[in-house]
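Let's take a walk through this structure together, going from single residues out to the whole chain. Have the sequence and the 3D view open side by side as you read.

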Amino acid sequence: MLSPILGDESGNVGLIAAASVIPLMALIGGGLDMGRSYMARTQLQAACDSGVLAGRRAMAKSGDYQQAEKDKAHALFNANFDAASLDASDVSFDTSANEQGQVSGTASATVPTLVMQIFGNETFELQITCMAELQLANADVMFVLDTTGSMAGSRITGLREAVKDFHKTINTAVTDSNTRVRYG
């Protein structure tokens with residue numbers, strides 16, 4: 001009774017096509033969602049990098065890494081990471097600075113999948129680290145200082161201290177022994 005059915009080859013293409021739909025959806029969905037994940041990771045990395053660079057720049061002005069500098073870092077991070085376009089949630093960005101003047105950051109976000117939800121993979125957890133530091137290349141620095149009578153007293157003393165502070169800041173920023181800074 002089953003032998004005629006088992007020997008019948010008509011309709012095999014339909015069964016093979018139906019059986020291949022799920023693996024094809026997994027491949028296409030995986031590719032689509034991985035592309036979104038890489039795009040989100042790239043945007044998160046760029047935002048993290050710009051945030052710590054802004055924090056480092058703000059730190060150069062004040063000499064400390066306090067709340068005002070952190071706020072500037074966060075403002076630039078938020079300007080560069082568009083969470084709404086990626087439907088990202090749980091976005092966080094934290095920064096800190098060390099004694100060498102390096103500003104480090106970590107950023108994280110959760111990005112939902114579009115197609116892979118069907119297969120139980122609902123989100124991508126993204127975690128990024130970044131760091132910024134002051135680096136100097138070879139430089140020639142020329143000072144033109146007013147030493148005339150109008151600068152007598154506290155003015156000339158203040159000018160001398162400013163030049164010394166500038167020199168000290170540059171020397172602490174030079175970490176590579178091959179970097180050459182000349183003053184004139």
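Let's begin at Asp 90, which lies in strand β1. Keep in mind that this is a predicted model. The phi angle of Asp 90 is near 50°, a positive value in a residue other than glycine. As for its surroundings, Asp 90 has a relative accessible area of 62% and is therefore exposed, the cut-off for that label being over 50%.

A second aspartate with a positive phi is Asp 87, where the angle is near 55°. You will find Asp 87 in the loop between α4 (83-86) and β1. Its relative accessibility is 51%, so Asp 87 also counts as exposed.

Now look for the aromatic rings. How many aromatic pairs are there? The count comes to three. In the pair of Phe 77 and Phe 81, the ring centres are 6.0 Å apart and the planes stand at 20°, so this pair is stacked. The reasoning needs two cut-offs: centres have to lie within 6.5 Å, and planes under 30 degrees apart count as stacked. Phe 77 also pairs with Phe 93, with centres 4.4 Å apart and planes at 5°, so these two rings are stacked as well. Phe 77 sits in helix α3 (residues 67-80) and Phe 93 in strand β1 (residues 89-97), so their pairing ties together parts that are 16 residues apart in sequence.

Are these rings buried or exposed? Phe 77 has a relative accessibility of 2% and counts as buried. Phe 81 is buried too, at 7%. Phe 93 is likewise buried, as is its partner Phe 77. The cut-off behind this label is a relative accessible area under 20%. Taken together, ring pairs link Phe 77, Phe 81 and Phe 93 into a cluster.

From Phe 93 we can step across to Thr 106, a residue of strand β2. Which residues does Thr 106 touch, once those up to four places away in sequence are set aside? They are Cys 48, Ser 92, Phe 93, Asp 94, Gln 127, Ile 128 and Thr 129. One of these, Ile 128, is 22 residues away from Thr 106 in sequence, yet the C-alpha atoms of the two are 5.6 Å apart in space. Thr 106 itself counts as partly exposed, at 31% relative accessibility.

Follow the chain out of β2 and you come to Leu 114, in the loop between β2 (103-112) and β3 (123-132). Not counting residues up to four places away in sequence, Leu 114 touches Leu 32, Asp 33 and Arg 36. Try a distance here: the C-alpha atoms of Leu 114 and Ser 96 are separated by 35 Å, and the two residues are 18 apart along the chain.

Next comes Asp 146, in the loop between β4 (139-141) and α5 (154-173). Its relative accessible area is 34%, so Asp 146 is partly exposed. Leaving aside neighbours within four places in sequence, Asp 146 is in contact with Met 151, Ile 156 and Leu 159. For a much wider view, find Met 25: its C-alpha atom is separated from that of Asp 146 by 75 Å, with the two positions 121 residues apart along the chain.

Let's zoom out to the whole chain. The protein has five helices and five strands. Read from the N terminus, these elements run α-α-α-α-β-β-β-β-α-β. What box do the C-alpha atoms fill along the principal axes? It is roughly 120 × 35 × 25 Å. The radius of gyration is 30 Å, whereas a compact globule of 184 residues would have one near 16 Å.

A few totals round off the picture. Of the 184 residues, 26% count as buried. The protein exposes about 12,300 Å², and carbon and sulfur atoms supply 57% of that area. Among contacts with a separation of 6 or more, 59% come from residues 24 or more positions apart. Finally, the protein carries 13 positive and 20 negative charges, and the mean positions of the two groups are 19 Å apart.

Technical notes. Residues are numbered from 1 along each chain as its sequence is written. This is a predicted model: local features need pLDDT of at least 70, side-chain atom pairs count only at pLDDT 80 or more; totals for chains, interfaces and linings use all residues. Side-chain values use heavy atoms; hydrogens and water are left out. Rings of Phe, Tyr and Trp (its six-membered ring) pair if their centres lie within 6.5 Å; planes under 30 degrees apart count as stacked, over 60 as edge-to-face and the rest as tilted. Buried means under 20% relative accessible area, exposed over 50%, partly exposed in between (1.4 Å probe, protein chains only). Helices (H or I, at least four residues) and strands (E, at least two) are DSSP runs, numbered from the N terminus. The radius of gyration is taken over C-alpha atoms; the globule rule is 2.2 Å times the number of residues to the power 0.38. Contact means heavy atoms within 4.5 Å. Accessible areas come from the Shrake-Rupley method with a 1.4 Å probe; for residues, only the protein chains shown count as cover. Lys and Arg count as positive and Asp and Glu as negative; His and the chain ends are not counted. The place of a charge is taken as NZ of Lys, CZ of Arg, CG of Asp or CD of Glu.
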